[in-house]
Each structure stands twice: as structure tokens, then as C-alpha cells.
Amino acid sequence: MKRGKASSLKRLLWVLIFLTGTTTILAGCGASRDAFKEEGKLHVTATIGMIADVAQEVGGDRVEVVGLMGPGVDPHLYKASQGDIAKLEDAAMILYGGLHLEGKMTEIFEKMAKKKTVVAVTKNIPERQLREVAAGTHDPHVWFNVRLWMSATETIRDALVEKDPDNGAEYEARAEAYLGKLEELDQYAKDQIATIPKQGRVMVTAHDAFGYFGDAYDIEVVGLQGISTAAEYGSKDVTGLRDMLVERGVKAVFVESSVPKKSIEAVIEGAKKQGHDVKIGGELFSDAMGKAGTAEGTYIGMVKHNVDTIVGALK
Amino acid sequence: MSGFWIMVTGALVASCCGILGCFLILRRMALVGDAISHSVLPGIVIAFLVSGSRDSVFMLFGAAIIGFVTVFLIQLFQNSGVQGDASIGVVFTSLFAAGVLLISLNASQVDLDLDCVLYGEIAYVHWNQLMINGVEVGPKAVWLLGITLFLIVAVIGLFYKQFKLCAFDPALAAAIGIPVALFHYVLMGLVSMATVSSFESVGAILVVGLLIVPPATAYLLTDRLGTMIGLSLVIGVISSIAGYYTAAVLDASIAGCMVCVAGVLFLLAFLFSPSHGLVVRKLRQRASTAREAY
């Protein structure tokens, strides 16, 4: 009996040794795929699409940018796949949002910063321009204030120039041109939103990603949910929102591409019962851009789409 | 190197979970891991409210404390006669609800869900290195889980007979003077420690999966507790390694693939186990009916 036990233990030990051995060998060979395809370019990995887009605009042909989170992926719900390891490992530069947008990954980025160029694109935005949501904690959705995203663009430009000074002049020039476009975009948003009558200038969305947008373009933002997509919402929020819609005669509410429609539909149903018709004003992009290759697949196109949708529905 | 550390981390999680899972399955409390994965929510909210930061140290601390509270309450209710599954259900739903309530009252604007602040990602363990005197000494997760595994092996190894008897026949254990309640509490405390530290390193699905699936597979293959623990370790380790390579081929979530491989192994055992497998049982049945007809 005792001997049987000892020998089975021994066998187990052998199996374990064998397994660790093969693992080490296999891991050495590496089953990784190449994250980047083009040689001779500066390899940049960006977490969200908005950052990837700006990096590509500023870098032009000199850089190859890959994004971790694809179109329609909510950064709060992002799950890493095996290929993402190579995207981070092989990159010469990593750009991320910061302000805890990437959740627990932020800590990983801070650690990686010791070994390679890892830049939080929001790092140069002055703290007083950030929206504080709790003591010491800031709203990370800065891209909806185009002015703040211009600061992010400058941060990206500076990072590229520092990493690849030989092509610095080119990055500077491209950034200059792009910043010009962003300035126009900022003005466009201001002008367009101002055409909505003040009383009905309220946008209701299921996701509080538009705080910066509201501040910058003078439109009241009412969210049904807290900032986190996973947070539940209380029934008081639903009734309060419904009453506000009816009282102020708001014509439409907005559903975003990365939030389930169900929560907002409950509010519309409630308003209808009180005799006030509310439309769904169309989809706004919040945490993620549209598909690559479409106009909404770029940062500028995405902001334009949101502005036009809001103005079209509320005016 | 990152692949190697991911598999080591996976194997460590599998080992911690594999040992404890066997006892949990025998006690019909396998879902306690899932329960802890939800019930720690108030812990992270309170840790945030007190510290004002979402730093993982505070989050881990808050989660660990509420993890212990969870298993303590589950065990307490069970000792007082509430059904095992009911006491798990009552405790974790109430605690999770308390967490949701705390968020909506105090921190509805802050991104505080478990996925964002507590659950780690196994793909990135390699980059979270532990530094001692400015020298990297391996991923933090490997150290954390290694220490946890050592503790589990030490405690279970020292009191193996007592744990075994408490799991199989608590009445007999009590009759011969073993403090059954104490051993139940110790086991649950270990479970809480293992799951919370694993959540922080590798995320929830991997822990909950490896706590149940490999031991359940082993349970189909043997009737002896020692062999069951050994098999459950081997199955867990195979799942982590094969899962990693599956994820590499599919370019998919690593934790997801590891648990899927474990699920496939379970299915194989369910069908083809020499003692309890579906196929063998059917064959035996046919043989015996044939004999009767003869």
C-alpha cells in the first residue's frame, strides 16, 4: 500500500517535470505572430482607436500604427487576446489614454514605461481642465472636447519627434496641418450646437462619456447610467429622467454604439405613457469609433457624426 | 519569455485551485469561488472610499477582507443548518448588492467595476515584475501565487487526514474529536486567499473555472482523494499549457482558452473514464444484459 502511493507520487513528479520541460522548450520557440508587417517604419501601438487615428495622422507613412481595441469595443469591457501581447511587445512606442481609461492595464503601462516609450496622451492636459468625478479621480473621456484632444495630439507629436528625431520636421509639419483641422472641427461643433434653441439643448445618453462635450460646447448632458458601463442604474434615475424629458419637451435621446439599447428604451416607454413622444436620436459614438474605412472610423469623422446627429435630432 | 511566464502563472493558479477544489467538490461547495468573485465588490468600493485611490494594493486589501467575510458567513450559515448552496447564494448576492448600493450612493461617477480595478489579465503578467533592490525577480503574480500555493500545500499537507475526514464524513470526524468547524473555516479561508490573489493576477473566469473543472474531471477518474488531487493538478497544468497554445493559434483570450481546454478534458473524462465514463458504463450495461439474455 505504502509503496504504491510512493510510486504513484513519483510518476506524478515525472509528469510534472516533463510538462514544465516541454513548456520551456515550446515557449522558447515562441508561438507568437508578428504584430507589425512593415519593416523600416516606427512601430506604434495605441489602446483606443481615437489615439491610433491621431498617431497615424501625425506619423503619416513613417509609422505603422496598430490598435489594441478595435471598432465598437468598449475599453471598459476589453479583453486581451494572445496576439495583443505581441502588439505591446514588438512596439517601439505605446500610446494610451491614461486617467484610468484602461482600468487595471494602466498599472501595466506605468511599469512598461521603465523599459520602452510608453506615453499617456492626456498627460499634458492641465488638471484644472479635467473634470473631477471624485476626489483625485478624473473623467477619462477627454476626446469629446476637441481642444483637449489637440493637447493629446501635441503630446503624440512630441513623443514621435523625440523617438525618431530624423523625421522630426515631417512630424511637426503633419501635426501642424492636423491641428489646423482640429481647430476647424472645434469651431464647427461650437457653431452647430449653438443653433439648437437653448431650452431644448439637452442631450440624454445612456453613458456619461459626454461630460467634456457638454462643457465645451454648451449643451446639458444627462446620463442615465454612471460612467461605468457595468454599473447598474437605480429606478429613481429612470423616473427622474422621464419627468425632465416631458417637462422640457426634449425631442430626442441618444444611444451609443457600445452601450446596450435596452436601458434607454425603458425611458422612452415611460415618457410615452405620459403623452410625450421622444425619438431615438440616432447612434452616437462614445468610447469607440466606427468601422475602419468609413468616415466615422476617424476621429474627425466621429466627432462630426456626433455633432450632426445631435443637431439634426434636437433642432 | 512572456509565454513562459503566462503558462507558469496559469499552472500556479491551476495548482492552488486544483488542490482546494477537490475538497470543495467533496463538500458540494464548488461554486464558492464564483461567489467570492462577486461578493468582493463592496470590499473594493470601501477600499476606494477610504483610500481615495484605485491602486491595486488597496483594491486587493479590500477584496481580501471581504473575501474572508464571505467565506466566514457562508460557513457560519452552513454550520447553523442552512443548505450549502443556499448559504453561498444568500451571502454573495447580498454582498454584491451591498456593493452596487455603495457605488450608486457614493461613487456613481467613478469607474469602479471589478473588471476595471481588481481583475488582472493573465496576458500581461510578464510586465508586472516584482522589483527587489531595483532588480527584477520575476512577475509579481508568480510570487503572489507561489506563496499562496506554498501555504496551501503546507496547511493541507500537515492536516491532510483531518481535512479528508471532515470532507467525507464530518459526523465521524466530530465523533473522534476533530474540531470540524475549525477545519471548515481554515479550508474556506485558504479558498478565499487563493481566489482573491488569483483574481488580482489573472481575472475571474480562470479562477472559477480551474477551481471546479479539473477537480470535477479528476472525480470522474478515481475514487481516492490523494489520486484525485494529483490528477486534478495534472489536468489543471495541462489545461493552462494547452490553453495558452490554443489562444496563440486562435489569437483569442488566454484565460478563456485555458478554461475551454479544461472543459474539453472534462468532457473526455465524462465519456471515456475507465471507471465512471458514459461509454464504459453503456458497454458494461450491454454486456450484463447480454449475459442475462444468455
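## Report on a predicted model with chains A and B

In chain A, helix α5 (residues 146-163) lies across strands β1, β3 (93-96) and β4, and α5 runs at about 165° to β4(A). The structure described here is a predicted model. The account starts with the sheet of chain A, continues with the domains of that chain, and then turns to chain B.

### The sheet of chain A

Chain A contains ten helices and ten strands. Of its 315 residues, 44% count as buried. When contacts between residues at least 6 apart in sequence are considered, 67% of those in chain A join residues at least 24 apart.

Four strands of chain A form an open sheet in the order β2-β1-β3-β4, and their pairing is parallel. Strands β2 (63-67) and β4 (117-120) of chain A stand at the edges; each has a single partner strand, so one side of each is left without a neighbour in the sheet. From one strand to the next, the twist averages 20°.

Strand β1 (residues 42-46) of chain A runs parallel to β2(A) and is joined to β2(A) by five bridges. One of the bridge partners in β2(A) is Val63(A), which is matched with Leu42(A). Another is Val66(A), the partner of Thr45(A).

Is the edge strand β2(A) enclosed or open to its surroundings? Five of the five residues of β2(A) are buried, so the strand is largely enclosed by the rest of the structure. Val63(A), Val65(A) and Gly67(A) point one way from β2(A), whereas Glu64(A) and Val66(A) point the other way, and all are buried. The residues facing either way thus include Glu64(A), which is buried along with the others of β2(A).

### Domains of chain A

Chain A is divided into domain 1 (1-31), domain 2 (42-185) and domain 3 (190-314). Taken over C-alpha atoms, the centres of domain 2 and domain 3 of chain A are separated by 26 Å. In the contact between these two domains, 24 residues of domain 2 of chain A meet 24 residues of domain 3 of chain A.

On the side of domain 2 of chain A that touches domain 3 of chain A, the elements that give two or more residues are α2 (49-59), α5 and α6 (168-194) of chain A. Of these, α2(A) gives the most, with four residues. By class, this side of domain 2 of chain A has 13 nonpolar, five polar and six charged residues.

### Two helices of chain B and Val207(B)

In chain B, helix α10 (residues 180-202) packs against α11(B) at an angle of about 135°, and their axes are 7 Å apart. The two helices α10(B) and α11(B) are therefore oblique to each other. From α10(B), the contact is made by Thr195(B), Ser198(B), Phe199(B) and Val202(B); from α11(B), by Ala204(B), Leu206(B), Val207(B) and Leu211(B). The residues of this contact between α10(B) and α11(B) divide into six nonpolar, two polar and no charged.

Val207(B) is placed in helix α11 (residues 204-221) of chain B. Val207(B) is buried, because 29 other C-beta atoms lie within 10 Å. Apart from its neighbours within four places in sequence, Val207(B) is in contact with Val13(B), Cys17(B), Gly33(B), Thr195(B), Ser198(B), Phe199(B) and Val202(B). A further position along the chain is Ser197(B), ten residues from Val207(B), and the C-alpha atoms of these two residues are separated by 9.7 Å.

### Residues of chain B with positive phi

Most residues other than glycine have a negative phi. The table lists two residues of chain B that are not glycine and have a positive phi.

| Residue | Phi | Loop in chain B | Other C-beta atoms within 10 Å |
|---|---|---|---|
| Arg28(B) | near 55° | between α1 (2-26) and α2 (32-39) | 11 atoms |
| Asn133(B) | about 50° | between β1 (129-132) and β2 (135-139) | 5 atoms |

Are these loop residues buried or exposed? Arg28(B) is exposed, because 11 other C-beta atoms lie within 10 Å. Asn133(B) is likewise exposed, with 5 other C-beta atoms within 10 Å.

Technical notes: Residues numbered from 1 in each chain as written. Chains lettered and ligands numbered in written order. Predicted model: local features only at pLDDT ≥ 70, side-chain atom pairs only at ≥ 80, totals over all residues. Buried ≥ 20, exposed ≤ 12 C-beta atoms within 10 Å, placed from the backbone. Contact = placed C-beta atoms within 7 Å. Axes fitted to C-alpha atoms, helices over the stretch in contact; angles between N-to-C directions. Parallel < 35°, antiparallel > 145°, perpendicular 65-115°, else oblique. Nonpolar A, V, L, I, M, F, W, Y, C, P; charged D, E, K, R; others polar. Pairing = 2+ DSSP bridges. Domains from an automatic or database assignment.
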